[in-house]
Amino acid sequence: MKVRAKKQLGQHFLNDEGIAHRIVESLLEMDPRGAGCSVLEVGPGMGVLTKYLLQEEGLDFRAVEIDGESVEYLIQNYPSIRPRLYEEDFLRMDIGKIFPGKLAVIGNFPYNISSQIFFKILEHKDNIPFAVGMIQKEVADRLASPPGNKAYGILSVLLQAWYDIEYLFTVEPGSFTPPPKVRSAVIRIRRNGRTSLGCDEALFKRVVKTCFNMRRKTIRNSIKPLLGEYSLTDTGSPLLDMRPEQLSVEMFVELTILLKTNTKAH
């Protein structure tokens, strides 16, 4: 049997074995076994990565797939995956309960939920030390973008706060069935040494999201929705005259502390 690629699931099946092997090797180079990590493949589809991962002795490998047709195909073609396969939505998966220890994530991520997958990884950043994923090139550029670049945005800052990001290589549309209309890229993220932001983490997220939602404005103007009945005292901080894409992670931390300590009621 073949699996029909379903547009609503963002499915484009990788058909290039060389690239599949490179993706798996990009994960294995991180030594998940030595790091005491289980490995979870998100959206195995027709098993182009799965078959290589199943061959790795001593690897605590699992997979999660929401598409019933893909589940049937995987069990039929790779019977040993049956006890390792979860038929559910990764975005709703209780990762902490299923994987109480360390977890590495890998996959050809569906384009329509790739950003949500990284937000999910961020929710479990203390348990997920690294991940390797194929995503739309535009999204990969955004994740890996430094400050000062037009691609730099909300997810760039939030992910870079906790992970080092490597853009590994680009993949052309012809490597997929059906071919997508865009180029793809493989990225690898590795948990950095940061254990604390040094500021209110919930407020940090709100500051980043609020600023980028009005990215053409200066910080002084874009943070106004956060202030409500409060006003920011004049601190003379140069950050307030900058635009969001100019601020590094450390600058957003500084801005968060500034808001927390220099606001007053009208």
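This is a short dialogue on how to read some features of a predicted model.

Student: Where do I start with the sheet, and what is the order of its strands?

Tutor: Keep in mind that the model is predicted. The sheet is open, has seven strands and runs in the order S4-S3-S2-S5-S6-S9-S7, with mixed pairing.

Student: Which strands are at the edges?

Tutor: Strand S4 (85-86) and S7 are the edge strands, since each pairs on one side only.

Student: Let's take S6. Is strand S6 (residues 130-136) enclosed or open to the outside?

Tutor: Seven of its seven residues are buried, so strand S6 is largely enclosed by the rest of the structure.

Student: How does S6 pair with strand S5 (residues 102-108), parallel or antiparallel?

Tutor: S5 and S6 are parallel, with five bridges between them. To find the pairing by eye, look for Ile-106, which stands opposite Val-132 in S6.

Student: And on the S9 side, how many bridges join S6 to strand S9 (residues 184-191)?

Tutor: Seven bridges, and here S6 and S9 run antiparallel. Two places to look are Phe-130, which sits opposite Arg-190 in S9, and Met-134, whose bridge partner in S9 is Val-186.

Student: What about the side chains along a strand?

Tutor: As a general idea, side chains in a regular strand alternate between the two faces of the sheet.

Student: What do S5, helix H5 (residues 114-123) and S6 make together?

Tutor: S5, H5 and S6 form a β-α-β unit, and the unit is right-handed.

Student: Now a helix. How do I read which way its residues point?

Tutor: In general, an α-helix has 3.6 residues a turn, so residues three or four places apart point the same way. In this model, try helix H6 (residues 137-144), where the buried residues are Val-139, Ala-140 and Leu-143. Looking down the axis of H6, you find its buried residues within an arc of 100 degrees, so they line one face of the helix.

Student: What do the buried residues of H6 pack against?

Tutor: They pack against H5, S6, helix H7 (154-160), strand S7 (163-171) and S9.

Student: How should I think about a nonpolar core?

Tutor: The general idea is that nonpolar side chains tend to be buried together in soluble globular proteins. In this model the largest nonpolar core has 54 residues, and those that touch the most other members are Phe-118, Ile-121, Leu-143, Ile-189, Phe-204, Phe-252 and Leu-255. There is also a second, separate core of 33 residues, which includes Leu-27, Met-30, Ala-63 and Phe-169.

Student: Which residues does Phe-252 touch?

Tutor: Setting aside residues up to four places away in sequence, Phe-252 touches Val-157, Phe-204, Val-207, Val-208, Cys-211, Phe-212, Pro-244 and Leu-247.

Student: You mentioned a cysteine. How many disulfides are there?

Tutor: Zero. A disulfide needs two cysteine sulfur atoms within 2.5 Å. The sulfur of Cys-199 has its closest cysteine sulfur in Cys-211, 13 Å away, which is too far for a bond.

Student: Are Cys-199 and Cys-211 buried or exposed?

Tutor: Cys-199 counts as buried at 18% relative accessibility, and Cys-211 is buried too, with a relative accessible area of 0%.

Student: Can a polar residue such as Ser-26 be looked at in this way? Where is Ser-26?

Tutor: Ser-26 lies in helix H1 (residues 17-28). Ser-26 is buried, with a relative accessible area of 8%. Leaving aside neighbours within four places in sequence, Ser-26 is in contact with Val-132, Leu-168, Phe-169 and Arg-188.

Student: What is there to see in the backbone around Thr-177?

Tutor: The peptide bond from Thr-177 to Pro-178 is cis, with omega near -10 degrees. Thr-177 is in strand S8 (residues 176-177), while Pro-178 is in the loop between S8 and S9. Thr-177 counts as partly exposed, at 45% relative accessibility.

Student: Which residues is Thr-177 in contact with?

Tutor: Apart from neighbours within four places in sequence, Thr-177 is in contact with His-12, Phe-13 and Asn-15. The C-alpha atoms of Thr-177 and His-12 are separated by 5.6 Å, although these residues are 165 residues apart along the chain.

Student: One last backbone feature: what is the phi of Asp-31?

Tutor: Asp-31 has a positive phi of about 55 degrees, although Asp-31 is not a glycine. You'll find Asp-31 in the loop between H1 and strand S2 (37-42), and it counts as partly exposed at 40% relative accessibility.

Notes:
Residues numbered from 1 in each chain as written. Predicted model: local features only at pLDDT ≥ 70, side-chain atom pairs only at ≥ 80, totals over all residues. Heavy atoms only, no water. Buried < 20%, exposed > 50% of the residue type's maximum accessible area, 1.4 Å probe, protein only. Helix = DSSP H or I, 4+ residues; strand = E, 2+ residues; numbered from the N terminus. Contact = heavy atoms within 4.5 Å. Core = buried A, V, L, I, M, F, W, Y, C linked by side-chain atoms within 4.5 Å. Pairing = 2+ DSSP bridges. Right-handed = clockwise from strand over helix to strand, strands pointing away. Arc of directions from axis to C-beta.
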